[in-house]
Amino acid sequence: ARAYNCPESCKFHHLNFNNFNNFNKRKGKQFMKKRRVAALFMAAAMAVTGMTGCGSSDTATTEAAKTEAGSEAASKEETEAAKEETIDVKSLPAGSVDLSIMLPLGQWTDNFNMLIDAYKAEHPEIGEITATFPGSDKYDDLLVSALSAGELPNIINLGYGVRRQDWWQYCEDLSTGCPAYEMLTDAQIKNGTDGDYGMLVLPMTMEGTGILYNTKILEETGWDHMPETRDELLQYCKDLKEKGIQPFMLPWAETYLNLFNNVGNYWLLDKPDGGKETLAKLMNGEDVDLANDPEMTELLDTYEQILMPYAQEGAVSADKWTCRNAFFAEECAMLIGEGSYETPNIQNANPALLDHVKQGILPISNDASKNKMAIATISISVTKNDDPNVVACAKDFASWLVSSDTARLWHQETMGSPTSIQGLEVSDKLPVIAKDVIDTIDAGKATENVFVYMPSSIYTDMQENWAKYVAGVETREQFLERYQQIFKDLKDGIYG
């Protein structure tokens, strides 16, 4: 085993999304007041139904009462915080605290019980830990339903950025009562600090996305390396077709996961700063001349020269599992827009494939030095609870999940995911595609996906725009016009 200390060249660990952190501080609360999904609004409404308005006949008395009430509330909050900080979770009665966790990590479903059993063995105070791992496309709706039912899980996924900013108000500041906080870098703390709500996000693992290659097919087709430029990728597809091999299967029914998230943002990732400046301009309503943007041009050229012509028949209606299973069964040579998180799925479907699979970059540019691997930081957050014992135990469990040796080995060896906290050892048994991600990071060829810094209010329209484009319903010009307009509408308040 070796300690993985992220070098300066590893951009995503050192990203300080200052523009977006400042945006969060200026806009976070304003957005939450303006834009509410129905259940959030109902919950907020129920919370204030017992409040009555004050008349203007006794202003001084009213203000004094407000001040006194505010002081009492502040004192109560301080007292509760102090209690939480001093709670020794292992001193709590056996089986006295139940916890729940819900994360958009479907691949964890069949493996997480081993972590539950390990943690409970160390913590007799824990009764039951209920774990749910839905797909990312269903996750936000399930969070809303849980909140509406008064059953918000104790540990959820917020992630970096403004994507789930409506949930900041329901989450705990992890700068106290959470031992793993002391292990974070300054950049991780800054990225995980949301508006005025504190440090809400604990980075846990990393995922790299791009292209998964079947290297046996690659070599049999006469290639001794993965394509490094768009033209090389095009030539590889031509070579595969000549041999009667399907180059890839594209799940374009997955408008959120594949089109909008894992592939659609590559034009931003390949910019020198990972797209932060351009995205900030877009969110400010500025016209960035997308038709002449070099990286956007490269991405759409990739679609029109490679992805669209070589897609399987019916790609627009294909789901992720249809495409994944075809790759696992070695019926196609590549899997586009997927990544290192597929290790347990490959292990379950075709373990032999792990001997000849490799994680590569999606090369949209003919300048190989520009092409980057998209990195997603998988994180966890702790929700508020009236019982300080529950909060203390949830923070301890969250800390254990991101920093304990047991969890480290599970993340790395069982799930094939590099861990986020620097200084943790890297297992010699880390699966090959996870090693590919680390090697790409070490080479300075990876950057954090700025997708999470797009507010979720625009997701539906962005997905629709991408779906129309790949289906041929929209031209490139119409796609770009709509893309820009969505951000202008965001700035103008159309999305709240």
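Which ring does the charged end of R324 sit over? Select R324 and W321 to find out: the charged end of the arginine is over the ring of W321, 4.8 Å from its centre. Keep in mind as you click around that this is a predicted model.

Next, color the aromatics. There are 27 aromatic pairs in the structure, and a good one to start with is F260 with F451. Their rings meet edge-to-face, 5.3 Å centre to centre, with 80 degrees between the planes. Now show the secondary structure around them. F260 is part of helix α9 (residues 255–263), while F451 belongs to the loop between β11 (446–448) and α18 (459–470), so this contact ties together parts 191 residues apart in sequence. Switch on a surface and both partners are buried: F260 has a relative accessible area of 0%, and F451 has 3%.

Stay on F260 and add Y459, its partner in another edge-to-face pair, at 5.0 Å centre to centre and 65 degrees between the planes. Here helix α9 meets helix α18, so the pair ties together parts that are 199 residues apart in sequence. F260 and Y459 are both buried.

For a bigger selection, pick W252, W267, Y303, W466, Y469, F479, Y483 and F487, which form one aromatic cluster.

Last stop: empty space. A search of the whole structure turns up three cavities of 30 Å³ or more. Go to the second largest, with a volume of about 40 Å³. Select L105, Q107, W108, T205, E207, I378, M415 and S417 to see its lining. Four of those lining residues are nonpolar, three polar and one charged.

Key. Residues numbered from 1 in each chain as written. Predicted model: local features only at pLDDT ≥ 70, side-chain atom pairs only at ≥ 80, totals over all residues. Heavy atoms only, no water. 1 Å grid on protein atoms, 1.4 Å probe; cavity = no way out; pocket = protein on both sides within 12 Å on 5 of 7 lines; lining within 4 Å. Points joined across faces, edges and corners; volume = space filled by probe spheres on them. Nonpolar A, V, L, I, M, F, W, Y, C, P; charged D, E, K, R; others polar. Phe/Tyr/Trp six-rings, centres within 6.5 Å; stacked < 30°, edge-to-face > 60°. Helix = DSSP H or I, 4+ residues; strand = E, 2+ residues; numbered from the N terminus. Buried < 20%, exposed > 50% of the residue type's maximum accessible area, 1.4 Å probe, protein only. Lys NZ or Arg CZ within 6 Å of the ring centre and 35° of its normal.
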